[in-house]
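Biologist: Could you take me through the salt bridges of this protein in some detail, saying where the partners sit in the chain and how far each of them is covered? I would also like a word on the surroundings.

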Amino acid sequence: MAPSLRPLGRSGLRVAPFALGGNVFGWSADETVTFALLDAFVDAGLDLVDTADSYSYWVPGNEGGESETQLGRWFQRSGKRARVTLATKVGKWERHRGLAPATIQAAVEGSLRRLQTDVIDLYQAHEDDPATPLADTLGAFARLIDQGKVRAIGASNYSAARLREALDVAGRDGLPRFETLQPEYNLYARAGFEAELQPLAREREVAVIPYYALASGFLTGKYRSEADVGKSAARAGAIGKYLNPRGLRIVQALDDVAADLRATPAQVALAWLMSQPTIAAPIASATTVEQLHELLAAARLSLGAAQRKQLDDASAE
């Protein structure tokens, strides 16, 4: 049975409560794997795929645009574009850095071309651009919506103060507002989101699509010691910061709840996120279809009040 849909703010768009991260497309997932992941994802009844124009510029030999290109090829090969709520981003890639109107207009044309589609369902500002007035940025997004190239807009990596200001400017000037927010949020990284961003999202009906939902893989329970981290050079820098008493306490709680529910720690970590106020769909990526199916099962996992409290208490900062 397909999971129930959740609203993306006031946009009218509704999505299943799990988003597939496209950061691995054209990098740790080659074209064959990317296509298999996307087929498995939509065939399981889910729809939100999140990428960015900059993915994956950080890989030696890549320059950016690879993820969108892979996704576009899959749209053409599969004919499943209508089954996907497509989210991409602008503003962080050196080729189109910032959120000036001319930059946004040039960037969207490139994204649409790589994605081989006529419209982006959710176009997100990848990071704040303090040098460009918010009214100018929102005005540029308004023109894209008027042109039929974008359906709704969102913000990623905005502070509570700047998101509030952007929402106020949109209301004052009759411009489209950010309907979604994409922050870092997971069982380990809680305070930065819960202190100010979460109350604001609740107040303004902004849907939240958190990234690093599994804390770079730490919340899968795969990494419990320095020796475990040493097995993956790619993960070493990202995982090390979680290997402390609090991090290990969280993993133990995930183990305990997972045993109760006959689930895995990763499924429990995602289900905890899905149960939090304002969350529309946590983002996680996979590099095998088997791994993806494990993560997708989180959308059908129901945590009881005692289990949520156990996880809350273990992860309290």
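Modeller: What follows looks at the charged pairs one after another and then turns to some loop residues and a pocket. Please keep in mind that this is a predicted model.

Across the whole structure, a search finds 25 salt bridges. One of them joins the side chains of Glu31 and Arg77, with an N to O distance of 3.7 Å. This pair links distant parts of the chain, since Glu31 belongs to helix 1 (residues 31-43) and Arg77 to helix 2, 46 residues apart. Glu31 is partly exposed because its relative accessibility is 26%, which falls between the limits of 20% and 50%, whereas Arg77, at 61%, counts as exposed.

Another salt bridge is formed by the side chains of Arg81 and Asp121, at 3.1 Å from N to O. Here too the pair links distant parts of the chain: Arg81 is in the loop between helix 2 and strand 5 (85-90), Asp121 is in strand 6 (residues 120-125), and 40 residues separate them. Both partners count as buried, because Arg81 has a relative accessibility of 16% and Asp121 has a relative accessible area of 4%, and the cut-off for buried is under 20%.

In the salt bridge of Glu94 with Arg97, the closest N and O atoms are 2.5 Å apart. Glu94 is exposed at 60% relative accessibility, while Arg97 is partly exposed at 40%. Beyond such pairs, a network of salt bridges links Asp39, Asp43, Lys80 and Arg83.

As for the surroundings, the loop between strand 4 (48-50) and helix 2 (66-78) holds Tyr57, a partly exposed residue with a relative accessible area of 42%. Together with Trp27 and Trp58, Tyr57 makes a nonpolar surface patch of about 330 Å². Ser56 is found in the loop between strand 4 and helix 2 as well, and the peptide bond leading to Ser56 from Tyr55 is cis, with omega near 0°.

Two further loop residues have a positive phi without being glycine: Glu205, with phi near 55°, and Ser216, with phi of about 60°. Glu205 lies between helix 7 (197-204) and strand 9 (207-208) and is partly exposed at 46%, whereas Ser216 lies between strand 9 and helix 8 (226-230) and is buried at 14%.

Finally, the second largest pocket has a volume of about 170 Å³. Its lining has 14 residues, with Arg6, Met274, Ala299, Leu301 and Ser302 nearest the centre, and by class this lining comprises eight nonpolar, three polar and three charged residues.

How values were computed
Residues numbered from 1 in each chain as written. Predicted model: local features only at pLDDT ≥ 70, side-chain atom pairs only at ≥ 80, totals over all residues. Heavy atoms only, no water. 1 Å grid on protein atoms, 1.4 Å probe; cavity = no way out; pocket = protein on both sides within 12 Å on 5 of 7 lines; lining within 4 Å. Points joined across faces, edges and corners; volume = space filled by probe spheres on them. Nonpolar A, V, L, I, M, F, W, Y, C, P; charged D, E, K, R; others polar. Patch = residues over 30% accessible without salt bridge, like charges linked within 9 Å, V, L, I, M, F, W, Y side chains within 5 Å. Areas by Shrake-Rupley, 256 points an atom, 1.4 Å probe, with all protein chains shown as cover. Salt bridge = Lys/Arg side-chain N within 4 Å of Asp/Glu carboxyl O. Helix = DSSP H or I, 4+ residues; strand = E, 2+ residues; numbered from the N terminus. Buried < 20%, exposed > 50% of the residue type's maximum accessible area, 1.4 Å probe, protein only.
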